[in-house]
Amino acid sequence: MSLNKTILRHKPLDRVVHWTVALTGIWTLLSGLSFIFAPLHFLSYVYGSPQLARILHPFGAIVMTIGLAFLVARYWSHNHFEKGDLQWMLKVKDVLTENEENVPEAGQYNAGQKMILRQFIACGLILLVTGLIAWRAYFAAYFSIDVVRIALIVHSITAIVFALSLIIHAYMAYWVEGSIDGMLEGKVSPAWAKKHHPRWLRSLTSGKNQH
């Protein structure tokens, strides 16, 4: 691999699915917040009207969940925890202050990205199960009112955790210059890879990584 060329980090289909998950996730979260907090009722207009938000919120969530499952299948093999990940997390302050020379070298994904992926998986599963139980149009009638109420409480709390995870994910992508371009255009520079994911770059130059 020539170091004078950009490096493919995300294939076109992965990028399309990623942004589909992001957009449906934002729409679903905004409409969901309008259901939880009365002062945020205006957010329900993200779907056009409060009535449409009630109808489309579950379908948007289904699209997001399918997309998230696709991304997990595509990226999971590159997100196994490795030796050095714990040390990376203990030195996250150096990452945030851009003193990455003091941080254990990251592979294709760093420990923070691996943790966020697991948070998305856990939240996605809980939101799916509780959302189906509370989906009045199709499934809620099969459960007692107490079960539906508990599902709604767990669903709401998990949605807030999911929203915080999404904010952290987006902020870190903004913080690490070049990350958003990598997800928009699919490619990163060798300099970016060397700075943020040096073990991944070495595996590419040695021909061991065919991602």
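## A walk through a mostly helical protein

Start at the N terminus and read the elements in order: β-α-α-α-α-α-α-α-β-α-α. Counted up, that gives nine helices and two strands. Keep in mind as you look around that this is a predicted model.

Now step back and take in the whole thing. If you draw a box along the principal axes, the C-alpha atoms fill roughly 60 × 30 × 30 Å. The protein has 211 residues, and 40% of them are buried. What about the contacts that hold between residues at least 6 apart in sequence? Of these, 69% join residues at least 24 apart, so take your eye off the sequence for a moment and follow the fold in 3D instead.

On the outside, the protein exposes about 12,600 Å², and carbon and sulfur atoms supply 68% of that area. There are charges to find too: 19 positive and 12 negative, with mean positions 6 Å apart.

Next, let's look for empty space. How many cavities of 30 Å³ or more does the structure hold? There is one. The largest cavity has a volume of about 40 Å³. To find it in the viewer, pick out the residues that line it, including Lys 83, Gly 84, Asp 85 and Trp 88. Further along the sequence, the lining also includes Pro 104, Glu 105, Tyr 109 and Asn 110, as well as Arg 199.

The largest pocket has a volume of about 1,200 Å³. Its lining takes in 45 residues, and the ones nearest its centre are Gln 113, Ile 116, Phe 120, His 169 and Ala 173. Which elements give two or more residues to this lining? They are helices H1 (12–36), H2 (50–75), H3 (85–90), H4 (92–96), H5 (111–134), H6 (145–175), H7 (179–185) and H8 (190–196). Try colouring those helices one by one and see how the pocket's walls come together.

Finally, zoom in on a single residue, His 18, which sits in helix H1. Is His 18 buried or exposed? Its relative accessible area is 17%, and buried means under 20%, so His 18 counts as buried. Leaving aside residues up to four places away in sequence, His 18 touches Leu 71, His 169 and Met 183. You've met one of those partners already: His 169 is among the residues nearest the centre of the largest pocket.

Notes:
Residues numbered from 1 in each chain as written. Predicted model: local features only at pLDDT ≥ 70, side-chain atom pairs only at ≥ 80, totals over all residues. Heavy atoms only, no water. Helix = DSSP H or I, 4+ residues; strand = E, 2+ residues; numbered from the N terminus. Buried < 20%, exposed > 50% of the residue type's maximum accessible area, 1.4 Å probe, protein only. Contact = heavy atoms within 4.5 Å. Areas by Shrake-Rupley, 256 points an atom, 1.4 Å probe, with all protein chains shown as cover. Lys, Arg positive; Asp, Glu negative; His and termini not counted. Charge placed at Lys NZ, Arg CZ, Asp CG, Glu CD. 1 Å grid on protein atoms, 1.4 Å probe; cavity = no way out; pocket = protein on both sides within 12 Å on 5 of 7 lines; lining within 4 Å. Points joined across faces, edges and corners; volume = space filled by probe spheres on them.
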